[in-house]
Amino acid sequence: MKNTCWKLFSYLSIDREAALDMLNGMANRGWELDKLFPGRVARFRRTGREDLRYFLDWADPKDEEEPDYLQLCEDAGWDLLRKVGYWNLYASRPGTSPSPIQTDPETEYGRFRGKALRRMAIGGGITLAVLGFYALALVEALTRPWAYWDQGLFTNLFYLESISAPLLLLSLPLLLVGEGAHLLRMAGWLWEWKRALLTGQDPPRSRAPEVWKVLSALCFLYVVLIWLLLAADCLINDFGNWGLPVGILLGGAIAWSTTSDRDRRRQGLLYMGMGCLVLLAMASHDPFRSVFPGRLPPASLGDDRYIEAQVRTDGLWGSSADWFERRSPENSYQVSARTYVTPALAEEAVEGEIQRKGLIPVEGREGVWYGERKNIYLLFRGNSYLVIFDSAEEPDTLLDTAWAWMEKIK
C-alpha cells in the first residue's frame, strides 16, 4: 500500500471553497498534506488521524499575518501550516475539533477586501496591461509593411531566427482572452458575493473550479516552456540581452531574501534558476555554434575567402546565415543564405525577394536571378536560396562556387 500520493492543487484564489473541499476530502480518506510545489502540485501522505480538518483563510501574500490574529486562531485549535497565495492554510490540532475561523459573511468579506482584493486587482491589471501593450506593438508591426513585410524581417523572425517568438506570437490572443476571462469571472463573483451580503444569503461558490484549476496548471507549464525556449534561443541564436536574465536573477534574489514565506522563497529560487539558465545559455552561444553550425554548412563560398561578421540562426521552420566574405582587398561582398523545412516556404520567400529587389532571370542558368541594384544574385534550389550582394568577382566563377556551396545544404 502506497504511503504518498500526488494531486493537482492549482486552484485560483476565488476557488477557495473547492480547494478546501479537496483538502478535507483527502483528510477524510486518511491523507494529510505534506508539501506544495511550484505550479501547485500537492503531495499527500497517509496519516492515522481521524480528526484532521483544514481551513483556508484570506491573507495578504506579501505581508505577515497579525500576531494577535494568529494567537486567536491558535487558541481556537487551528495551527497555521503555511501561506498559499492569497490564503493562510490552517490545520486542526490533534485532539481538537475547532469551528471554522470565519463564520460571519460580512467579516469574511471585509477581510477579503483588506487582505487580497487590492493585490488581486493590481496584479491582474498589470498582467493585462503588459499583454495589451505587447498586442499593440505586434499590431503596429504587422500594419507597417515597409518595415516588416517588404523587408522580410517579420517572416524571418517567425520562421528562421527564433524558437520562442512563434509560440509567443501565436499564443498572445489566447493569453489576452484568458486573462480577460479571469478578471471578468472574478468581477462577477465579487458582484454576486456583495449581492448575497445585501440580501442576507450565503456567499456564492465559484463556478467550474476544476476547469480553471487545470487551466492554471497549463498556464504555469506554458511559462516554464517559454523560459526553456528562451534559453534555447539564447544558446542557439544569441537571442536576448544581458539585462533580461540579470534583472530576473536580481528580482528572484530580492524575493528570496526579503520574506520568510516558504512559497515566496521558492518562487525567488525559481526565478534565480531561470535567470542563471538564460545567462548560461548566452555565455555558451559561441562555443556551441562552433560545434553545431545548424542546418546550413559553414559560411564560405570557397577556401580562399576570408569570413567577417558571421551571424547564424535556427528556427522551427528554417535556418539563416549572413556573413561578409572577402576574397581580396578590392572584392568584399555580403552573402545571405536561407533554408526552410519545406520547399513551399522557400518558394514563398524567394518570390518575395524577387519582387522586392526587382530581380530578373539569368539566361542560361536555371534558378538564378540578377538585379542591377547593388549587383545582386539570387540562387534558388529545393528548399533553400542564397543571395549575394555587391560582388566584383567574375559572374560565372561566383555562381559556380555558390552552387557548389548550396549542394552541401542538408
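# Exercises on strands, helices and rings

In this predicted model, D57 stands opposite N88 in β6. Let's start from that pair and work outwards.

## Exercise 1: From one residue pair to a sheet

Start from D57 and N88, then work out how β4 and β6 pair, which strands are at the edges and which helices pack on the sheet.

**Solution.**
- Step 1. D57 has N88 of β6 across from it. Zoom out to the strands: five bridges link β4 to β6, which covers residues 87-92, and the pairing is antiparallel.
- Step 2. Now bring in β5. The sheet is open, has three strands in the order β4-β6-β5, and is paired in the antiparallel sense.
- Step 3. Look for strands that pair on one side only: these are β4 (54-58) and β5 (78-84), the edge strands.
- Step 4. Check the twist. Ignoring direction, neighbouring strands in this sheet are turned by 30 degrees against each other on average.
- Step 5. Add the helices. α1 packs on the sheet and touches β4 and β6, with its direction at about 160 degrees to that of β4. Helix α2, residues 67-76, also packs on the sheet; it touches β4, β5 and β6, and its direction makes about 130 degrees with that of β5.

## Exercise 2: The sheet that holds β1

Find the strand order in the sheet with β1, β2 and β3, and say which helix lies across these strands.

**Solution.**
- Step 1. The order is β1-β3-β2, in an open sheet with antiparallel pairing.
- Step 2. That leaves β1 (4-8) and β2 (31-37) as edge strands, each pairing on one side only.
- Step 3. On average, neighbouring strands here are turned by 30 degrees against each other, direction ignored.
- Step 4. Zoom in on β1 and β3. β3 spans residues 41-46, and five bridges join these antiparallel strands. As one spot to click on, K7 has A42 of β3 opposite it.
- Step 5. Helix α1, residues 16-28, lies across β1, β2 and β3 and runs at about 160 degrees to β1.

## Exercise 3: Two cysteines, buried or exposed?

Decide whether C5 is buried or exposed, do likewise for C73, and give the number of disulfides.

**Solution.**
- Step 1. The cut-off for buried is under 20% relative accessible area.
- Step 2. C5 counts as buried because its relative accessibility is 8%. C73 is buried too, with a relative accessible area of 4%.
- Step 3. Now the count: there are zero disulfides.

## Exercise 4: A covered strand

Work out how many residues of β13 are buried and which strands pair with β13.

**Solution.**
- Step 1. β13 runs over residues 384-389 and is mostly covered, with six of its six residues buried.
- Step 2. Recall that side chains in a regular strand alternate between the two faces of the sheet. Here S384, L386 and I388 point one way while Y385, V387 and F389 point the other way, and all are buried.
- Step 3. Take the first partner in our list, β9 (residues 331-340): β9 pairs with β13 in the antiparallel sense over six bridges. T339 has S384 as its bridge partner in β13.
- Step 4. Then β12 (residues 376-381): five bridges connect β12 to β13, again in the antiparallel sense. R381 stands opposite S384.
- Step 5. Finish at the turn. β12 and β13 make a hairpin with two residues between them, and G382 in that turn has a positive phi of about 65 degrees.

## Exercise 5: Rings

Give the number of aromatic pairs, then describe the pair of W58 and F112 and the pair of F288 and F292.

**Solution.**
- Step 1. The count comes to 16 aromatic pairs.
- Step 2. W58 and F112 are edge-to-face, with 4.7 Å centre to centre and 65 degrees between the planes. This pair links distant parts of the chain: W58 is in strand β4 and F112 in helix α3 (residues 105-142), 54 residues apart.
- Step 3. W58 is buried at a relative accessible area of 1%, and F112 counts as buried at 0% relative accessibility.
- Step 4. F288 and F292 form a tilted pair: 5.0 Å centre to centre, 35 degrees between the planes. F288 has 26% relative accessibility, so F288 counts as partly exposed.
- Step 5. Back to W58: together with Y109, F112, W189 and W193, W58 forms one aromatic cluster.
- Step 6. One last ring: R111 lies over the face of Y69, at 4.0 Å from the ring centre.

Terms used. Residues numbered from 1 in each chain as written. Predicted model: local features only at pLDDT ≥ 70, side-chain atom pairs only at ≥ 80, totals over all residues. Heavy atoms only, no water. Pairing = 2+ DSSP bridges. Helix = DSSP H or I, 4+ residues; strand = E, 2+ residues; numbered from the N terminus. Axes fitted to C-alpha atoms, helices over the stretch in contact; angles between N-to-C directions. Contact = heavy atoms within 4.5 Å. Disulfide = S-S within 2.5 Å. Buried < 20%, exposed > 50% of the residue type's maximum accessible area, 1.4 Å probe, protein only. Phe/Tyr/Trp six-rings, centres within 6.5 Å; stacked < 30°, edge-to-face > 60°. Lys NZ or Arg CZ within 6 Å of the ring centre and 35° of its normal.
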